Amino acid sequence: MHAIVIAVLGALVTLSFAGEPLSDDQWESDLDTLAEGLLSRHPNFYTKRSVEDFESAMNELFDRIGTIDDQMMAVEVSRLVALGGDAHTTVGFGEIGKRMRRLPVRLMVMEDGVFVTLATKEYEHHIGSEVLTIGGIAIDEVLDRVSVLFAFENESKRMGTSAWYATLLPALRSVGVVEDHHAEEIVIEFSKDHETRAHTLGTIDEQTPVQWVSFVHQLEQPWPIAYRKQGGYYQSDFIPEHKAFYVAYNRCREAENLPMAEFVEFVITKCNELDAQRIIIDLRFNGGGDETVIWPLWQALEESERFRDPGDIVGLISRQTFSSAMSNSHQLRDNCGAILIGEPTGGKPNHFGQLNRFPLPNSGLTISHSTRWFQKVEGDPDAVHPDVLIPWRSGPLFAGEDPVMEAALSYESSPESED
């Protein structure tokens, strides 16, 4: 009975914001719901900015109701929520977001520049290109401007999320990069093969059927093991030439068809059968979930007589290692003595988390928010930092190389680390 009622109410809400633009009264009601919800549901929303700062920004947004459209209002709500400084507390744009125009490319910030890693079929020739400007504005300036629209706790998170917002036209208009967020074309300056040139690209929205092409699709086979093992919640493989057992932990979720306890039993059994000398746990593409799911593997590794020396257990981390996966990465080092290789995680060890959600009833925006504070380590480090730092660079990435994995396979502990 409850499911039917919820479905009907959900349909009515969808109709309200998928059709005509919202009225001023509807947006005022949604902003009231937002303020009340953050105050009553978040454990401490005002850790980064004062109540007065938030109320001032809220009043400014109230004053803008009726002067900007629903898409721009949604982006400004995101800017407002970002004042909390909690990277787990975010805004889902829902149906309004599906109508937002976007670039037909996806970007990645690397040590040597900002590059296209994904594009629609029409623009796949731009994959591997360095982006120099968007709308005539230098890309570093664009990324800096859009970073006010979301919360981040460290530079890794800022790099990853700003690259996404930089492809969203309402976000670009909100920070003064473009004048029209409904524009069907945008000029982007690329550099590729020592040639710099401005190109006019057609924009799209989520309702436009397109085929996306990843840089991985352009690589020669076999792909690096990390790309081959990204499907599902967790996968494994043995690399015989290095006597290394590889575990891709892609989601902090338990697979219905393979409980973690059975997976761990399989991993330990195979490590013994194949005489594995090293186990590599790849957390680079794991955005979180339930941190306890992987604990049976940590326990097995702690009890194992096989993996006792420095470098026998290696964890791979990146800016995409976030939330529970970030907690798992420092547990792997602290509890199991693992060496961590890669780049700093996208979140802080001490953080708000354990998410819940509430909708804004008229716009359909969804507010995901933290419900608990987690004090995981002493002090206040900005990330889980790797023992061996290997940042993303364009050359190896587009050549189909994986320097982080290569470092994990070739790692040799120093005499100091054995003391």
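Is Gln354, at 45% relative accessibility, buried, partly exposed or exposed? Gln354 counts as partly exposed, because 45% falls between the 20% limit for buried and the 50% limit for exposed. Before we go on, keep in mind that this is a predicted model. Gln354 sits in strand β14, which covers residues 351–359. There's something else to look at here: its phi is near 50 degrees, a positive value in a residue other than glycine.

Gln354 has company in that respect. Asp275 isn't a glycine either, and it has a positive phi of about 55 degrees. You'll find Asp275 in the loop between α10 (260–273) and β11. With 35% relative accessibility, Asp275 counts as partly exposed. Another backbone detail turns up at Pro222: the peptide bond leading from Gln221 to Pro222 is cis, with omega near 0 degrees. Pro222 belongs to the loop between β8 (212–214) and α9 (225–228).

Now let's turn to the sheet. Six strands make up an open sheet, and they come in the order β9-β10-β11-β12-β13-β16, with mixed pairing. The edges are taken by β9 and β16 (388–389), and each has a single partner strand, so one side of each is left without a neighbour in the sheet.

Start at the β9 edge and walk inward. Strand β9 (residues 234–239) runs antiparallel to strand β10 (residues 244–249), and six bridges join the two. If you'd like one pair to find on screen, take Ser236, whose bridge partner in β10 is Val247. The hairpin of β9 and β10 has four residues between the strands, and in it Lys243 takes a positive phi near 50 degrees. The next step in the sheet goes from β10 to strand β11 (residues 278–282): these two run parallel and are joined by five bridges. Here you can look for Ala248, which stands opposite Asp282 in β11.

Another hairpin is worth a visit, this time between β2 and β3. Strand β2 (residues 105–110) is mostly covered, with six of its six residues buried. Val105, Leu107 and Val109 point one way from β2, while Arg106, Met108 and Met110 point the other way, and all are buried. Six bridges join β2 to strand β3 (residues 113–120), and the two run antiparallel. Within this pairing, Arg106 stands opposite Leu118 in β3. The hairpin that joins β2 to β3 does so through two residues.

That same turn region leads us to the charged side chains. Side chains of opposite charge can pair when their charged atoms come close. Glu111 is a good example: its side chain meets that of Arg393 in a salt bridge (2.8 Å, N to O). This pair links distant parts of the chain, with Arg393 in the loop between β16 and α13 (394–398) and Glu111 in the loop between β2 and β3, 282 residues apart. As for how covered Arg393 is, it's partly exposed, with a relative accessible area of 38%.

How many salt bridges are there in the model's count? The count comes to 20 salt bridges. One of them is between the side chains of Arg79 and Glu76 (2.8 Å, N to O). Arg79 and Glu76 are three residues apart in helix α4 (residues 70–82), which means about one helical turn separates them. The two partners differ in cover: Arg79 is partly exposed, with a relative accessible area of 27%, whereas Glu76 is buried, at 6%.

Glu305 and Arg308 also meet through their side chains in a salt bridge, this one at 3.4 Å, N to O. Glu305 counts as exposed, with 65% relative accessibility, and Arg308 is partly exposed, with a relative accessible area of 46%. Salt bridges that share partners also join Arg64, Glu76 and Arg79 into one network.

Our last stop is a set of charges on the surface. Asp24, Asp25, Glu28, Asp32 and Glu36 gather there in a patch of negative charge. Asp24 lies in helix α2, residues 24–41. With a relative accessibility of 40%, Asp24 counts as partly exposed.

Technical notes. Residues are numbered from 1 along each chain as its sequence is written. This is a predicted model: local features need pLDDT of at least 70, side-chain atom pairs count only at pLDDT 80 or more; totals for chains, interfaces and linings use all residues. Side-chain values use heavy atoms; hydrogens and water are left out. Patches are made of residues with over 30% relative accessible area and no salt bridge: like charges are joined within 9 Å, nonpolar side chains (Val, Leu, Ile, Met, Phe, Trp, Tyr) within 5 Å. Accessible areas come from the Shrake-Rupley method with a 1.4 Å probe; for residues, only the protein chains shown count as cover. A salt bridge is a side-chain nitrogen of Lys or Arg within 4 Å of a carboxyl oxygen of Asp or Glu. Lys and Arg count as positive and Asp and Glu as negative; His and the chain ends are not counted. The place of a charge is taken as NZ of Lys, CZ of Arg, CG of Asp or CD of Glu. Buried means under 20% relative accessible area, exposed over 50%, partly exposed in between (1.4 Å probe, protein chains only). Two strands pair if DSSP finds at least two bridges between them.
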